[in-house]
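Dear colleague,

Please find the structure below, handed over for your review. My notes on what was found in it follow directly after.

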Amino acid sequence: AGTLRESVELIRRSTARMKALIEDLLELERLGAQSFPLDVQPVESRDLLEGAVTDAQPLADAKHISLVLDLSDPPKIDADPHRLSQVLSNLLGNAIKFTPEGGTITLRAGLRDGALSVTIADTGRGIAPEDLAHIFDRYWRAKGSEQDGAGLGLYIARGIVEAHGGRVWAESSPHGATFVFTLPLEPRGN
């Protein structure tokens, strides 16, 4: 029975990966066509951030990674909550993937210079300096990377943030990688 259960789990995971890839490719086409749709509504960023951490918790627990949420009164924003959940899921998922067992991931957020600023810092191996300029490129993956994925997650995350009129970037040190994105309280063009 254990073997059957393991087989079913492997098939489920493989199917989920394929479904995610297909969805990524559809998003990619939307980005390429410059018709990226946003369903903008008033959003409590605190609820969005807390929900993202709750969703990521089982993955973190499996690697004994501590997820720390440090919120300093994050503002209400006009944004697409589903799209922003995709960004947070991608960034947290990447942080978990590249953080060794027993590490820590800290999500900080608050109001800075009239925008929502969100920082996700991990205690992983960091990003090579030559890779920092390319990690948001379409289909980009680190040389020698054995990780699953088509190299579209960060590209799509950037597209979502920029569609809101925001910015996203990465920083790195020997102590880990840090991803930062900022969002205006009201997206441009709305």
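**A kinked helix and its surroundings**

Helix α2 bends by about 40° at Ala56, and this kink comes shortly before the proline Pro58. Please bear in mind that the model is predicted.

Despite the kink at Ala56, the end-to-end reach of α2 is close to expectation: its 18 residues reach 27 Å from the first C-alpha to the last, against the 26 Å expected at 1.5 Å a residue. The buried residues of the helix are Ser45, Leu48, Leu49, Ala52, Val53, Ala56 and Ala60; the kink position, Ala56, is thus one of the buried residues. As background to that list, an α-helix has 3.6 residues a turn, so residues three or four places apart point the same way.

**The cavity**

Three of the buried residues of α2, Ser45, Leu48 and Leu49, also appear in the lining of the largest cavity. A search of the whole structure returned one cavity of 30 Å³ or more, and the space in the largest cavity is about 40 Å³. Its lining consists of Ser45, Leu48, Leu49, Leu84, Leu88, Leu116, Val118, Phe181 and Leu183. Two or more of these residues come from each of α2 (45–62), α3 (81–98), β5 (115–122) and β7 (176–184). Helix α2 provides the largest share, with three residues. In terms of class, eight lining residues are nonpolar and one is polar, while none is charged.

**An aromatic pair**

Strand β7, which contributes to the cavity lining, also carries Phe179, a member of an aromatic pair. One such pair was counted. The ring centres of Phe136 and Phe179 lie 6.1 Å apart and the ring planes meet at 80°; the pair is therefore edge-to-face, since planes over 60 degrees apart are classed that way. The two residues are 43 positions apart, and the pair links distant parts of the chain: Phe136 sits in the loop between α4 (129–132) and α5 (153–163), and Phe179 in β7. Are these two rings buried or exposed? Phe136 has 8% relative accessibility and so counts as buried; Phe179, at 10%, is likewise buried.

**The chain as a whole**

The protein chain contains five helices and seven strands. Along the sequence they follow the pattern α-β-α-β-β-α-β-β-α-α-β-β. Of the 190 residues in the chain, 38% are buried.

With kind regards

How values were computed
Residues numbered from 1 in each chain as written. Predicted model: local features only at pLDDT ≥ 70, side-chain atom pairs only at ≥ 80, totals over all residues. Heavy atoms only, no water. 1 Å grid on protein atoms, 1.4 Å probe; cavity = no way out; pocket = protein on both sides within 12 Å on 5 of 7 lines; lining within 4 Å. Points joined across faces, edges and corners; volume = space filled by probe spheres on them. Helix = DSSP H or I, 4+ residues; strand = E, 2+ residues; numbered from the N terminus. Nonpolar A, V, L, I, M, F, W, Y, C, P; charged D, E, K, R; others polar. Phe/Tyr/Trp six-rings, centres within 6.5 Å; stacked < 30°, edge-to-face > 60°. Buried < 20%, exposed > 50% of the residue type's maximum accessible area, 1.4 Å probe, protein only. Expected span 1.5 Å × (residues − 1). Bend = angle between axes of the 7 residues up to and from the residue.
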